[in-house]
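Thanks for coming, everyone. I'll keep this brief. Let me put the model up first.

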Amino acid sequence: MKNILIIAIMFLGFACSSNKTTVSSTQVPDEVVASFNRRYPDAKDATWKINNEGLYEVKFEDGAGKNRDVFYRGDGDLVRVDK
């Protein structure tokens, strides 16, 4: 029973994490990119995704060497900063 529960939790985690689609920076609205560039001008290795809620997620290394996940709405409004 315990093994079944562990497998079910792992499957659910995988299913939830697959609700994001990788996009190139050229597919991200200009307002989002501009907002990101203003806030993090020293960002390195930025990769963009869009989730099923329509939020743009960018993963990158900031100027201090910290890895960050930042979420924006399509109009460029910052929603959340993780890490």
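I'll go through the core, then one of its residues, then the strands.

Keep in mind that this is a predicted model.

Core first. Which residues make up the largest nonpolar core? There are 11 in all. The aromatic names on the list are Phe36, Tyr40, Trp48, Tyr56, Phe60 and Tyr72. The valines are Val23, Val28, Val32, Val58 and Val70.

Now, where do they come from? Three elements supply at least two core residues each: α2, spanning 30-39, β3, spanning 56-61, and β4, spanning 67-72. β3 gives the largest share, with 3 residues.

Let's zoom in on Phe36. What is Phe36 in contact with, once neighbours within four places in sequence are set aside? Two alanines, Ala43 and Ala46. Then Trp48, Val58, Phe60 and Tyr72. Those last four are also on the core list.

On to the strands. Take β3 and look to either side.

One partner is β2, residues 44-51. β2 and β3 pair antiparallel, over 5 bridges. In that pairing, Thr47 stands opposite Lys59 of β3. The hairpin of β2 and β3 has 4 residues between the strands. Look at Gly54 there: its phi is positive, near 85°.

The other partner is β4. How many bridges join β3 to β4? The count is 6, and the strands run antiparallel. Here Glu61 has Asn67 in β4 as its bridge partner. This hairpin has 5 residues between its strands. Its turn holds Gly65, with a positive phi of about 85°.

That's the tour. Questions, please.

How values were computed: Residues are numbered from 1 along each chain as its sequence is written. This is a predicted model: local features need pLDDT of at least 70, side-chain atom pairs count only at pLDDT 80 or more; totals for chains, interfaces and linings use all residues. Side-chain values use heavy atoms; hydrogens and water are left out. A nonpolar core is a set of buried Ala, Val, Leu, Ile, Met, Phe, Trp, Tyr and Cys residues joined through side-chain atoms within 4.5 Å. Buried means under 20% relative accessible area, exposed over 50%, partly exposed in between (1.4 Å probe, protein chains only). Contact means heavy atoms within 4.5 Å. Two strands pair if DSSP finds at least two bridges between them.
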